[in-house]
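Work through the exercises below with the sequence and the coordinates open. Try each task before you read its solution.

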Amino acid sequence: MEIGTIKAVHIYMHRQLYVTAALELNLKGVKYIFGGHEVFLSGMHGGESADAPYLGRFLFRCMHVCKADNWDQLKSSKVLVEIRNGKVVAIADTAGNNWFNPKEEFEAMNLEKEQIESTARDATKS
């Protein structure tokens, strides 16, 4: 784990169909990206037509980790960074108390959504 500085924040279009967001981090002079289209995409309804709202969750959790009131305040924030295979997979506050790993959280969101839909389907069959 290393302490890094958020140098820039980006919200951008991917393939003119989706929106994604990323933090540009500096760790000891090396630039890393956290988030972006390799981690998540959000379309008109969150992603594909029925996907969870990844963009909102990503923005909220980054702000939550940095204790920022708006997206612009993230720039220059310090974060604890977890790197695996040369990629940033999670960030946390500098004390390491509030971790955000988008892959894990988005998988949990998908599982919860599937359980809710399954319960709703079972209820309509009864």
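**Exercise 1. One bridge, then its hairpin**

Task: Find the bridge partner of E82 in β5, then describe how β4 and β5 are joined.

Solution.
- Step 1. Note that this is a predicted model.
- Step 2. Go to E82 and look across to β5: its bridge partner there is A90.
- Step 3. Extend from this pair to the strands. β4 covers residues 78–84, and β5 covers residues 87–92.
- Step 4. Count the bridges. There are 5 between β4 and β5, and the two strands run antiparallel.
- Step 5. Inspect the turn. The hairpin of β4 and β5 has 2 residues between the strands. N85, in that turn, has a positive phi of about 50°.

**Exercise 2. The other two hairpins**

Task: Which residue takes a positive phi in the hairpin of β1 and β2, and which in the hairpin of β2 and β3?

Solution.
- Step 1. Start with β1, residues 2–14. It pairs with β2 in the antiparallel sense over 9 bridges. One pair to check is T5, which stands opposite N26 in β2.
- Step 2. Look between these strands. The hairpin has 3 residues there, and R15 takes a positive phi near 60°.
- Step 3. Move on to β2, residues 18–27, and β3, residues 30–35. They are antiparallel and joined by 6 bridges. L27 faces V30 of β3 across this pairing.
- Step 4. Look at the turn again. This hairpin has 2 residues between its strands, and K28 takes a positive phi near 50°.

**Exercise 3. Assemble the sheet**

Task: Work out the order of the strands in the sheet, and say which strands stand at its edges.

Solution.
- Step 1. List the elements. The protein has 2 helices and 6 strands. From the N terminus they run β-β-β-α-β-β-β-α.
- Step 2. Add the pairing of β1 with β4. These strands are antiparallel, with 4 bridges. G4 stands opposite V79 in β4.
- Step 3. Add the pairing of β5 with β6. It is antiparallel too, with 2 bridges. A92 stands opposite W99 in β6.
- Step 4. Put the pairs together. The result is an open sheet of 6 strands, in the order β3-β2-β1-β4-β5-β6, with antiparallel pairing.
- Step 5. Read off the edges. β3 and β6 (99–100) each have a single partner strand, so one side of each lacks a neighbour in the sheet.

**Exercise 4. Two cysteines**

Task: Why do C62 and C66 form no disulfide?

Solution.
- Step 1. Search the whole structure: 0 disulfides are found.
- Step 2. Take C62. The closest cysteine sulfur is that of C66, at 6.9 Å. The cut-off for a disulfide is 2.5 Å. The two sulfurs are therefore too far apart for a bond.
- Step 3. Check from the other end. C66 is in no disulfide, and its nearest cysteine sulfur is that of C62.
- Step 4. Compare accessibility with the cut-off for buried, under 20%. C62 has a relative accessible area of 0%, so it is buried. C66, at 16%, also counts as buried.

**Exercise 5. What surrounds C62**

Task: Which residues does C62 touch, leaving out those up to four places away in sequence?

Solution.
- Step 1. Locate C62. It lies in helix α1, residues 54–66.
- Step 2. List the contacts: L23, F34, W71, L74, I91 and F100.
- Step 3. Pick out L23. It is 39 residues from C62 along the chain, yet their C-alpha atoms are separated by 8.7 Å.

**Exercise 6. The last residue of β1**

Task: Is H14 buried or exposed, and which residues beyond its sequence neighbours does it contact?

Solution.
- Step 1. Place H14 in strand β1.
- Step 2. Apply the cut-off. At 14% relative accessibility, H14 counts as buried.
- Step 3. Set aside neighbours within four places in sequence. H14 is then in contact with H37 and L41.

**Exercise 7. Whole-chain numbers**

Task: Describe the protein by its extent, burial, contacts, surface and charge.

Solution.
- Step 1. Extent: the C-alpha trace spans about 60 × 35 × 30 Å along its principal axes.
- Step 2. Burial: 40% of the 126 residues are buried.
- Step 3. Contacts: take those between residues at least 6 apart in sequence. Of these, 48% join residues at least 24 apart.
- Step 4. Surface: about 7,800 Å² is exposed, with 52% of it from carbon and sulfur atoms.
- Step 5. Charge: there are 15 positive and 16 negative charges, and their mean positions are 5 Å apart.

Definitions and conventions:
Residues are numbered from 1 along each chain as its sequence is written. This is a predicted model: local features need pLDDT of at least 70, side-chain atom pairs count only at pLDDT 80 or more; totals for chains, interfaces and linings use all residues. Side-chain values use heavy atoms; hydrogens and water are left out. Buried means under 20% relative accessible area, exposed over 50%, partly exposed in between (1.4 Å probe, protein chains only). Contact means heavy atoms within 4.5 Å. Accessible areas come from the Shrake-Rupley method with a 1.4 Å probe; for residues, only the protein chains shown count as cover. Lys and Arg count as positive and Asp and Glu as negative; His and the chain ends are not counted. The place of a charge is taken as NZ of Lys, CZ of Arg, CG of Asp or CD of Glu. Two strands pair if DSSP finds at least two bridges between them.
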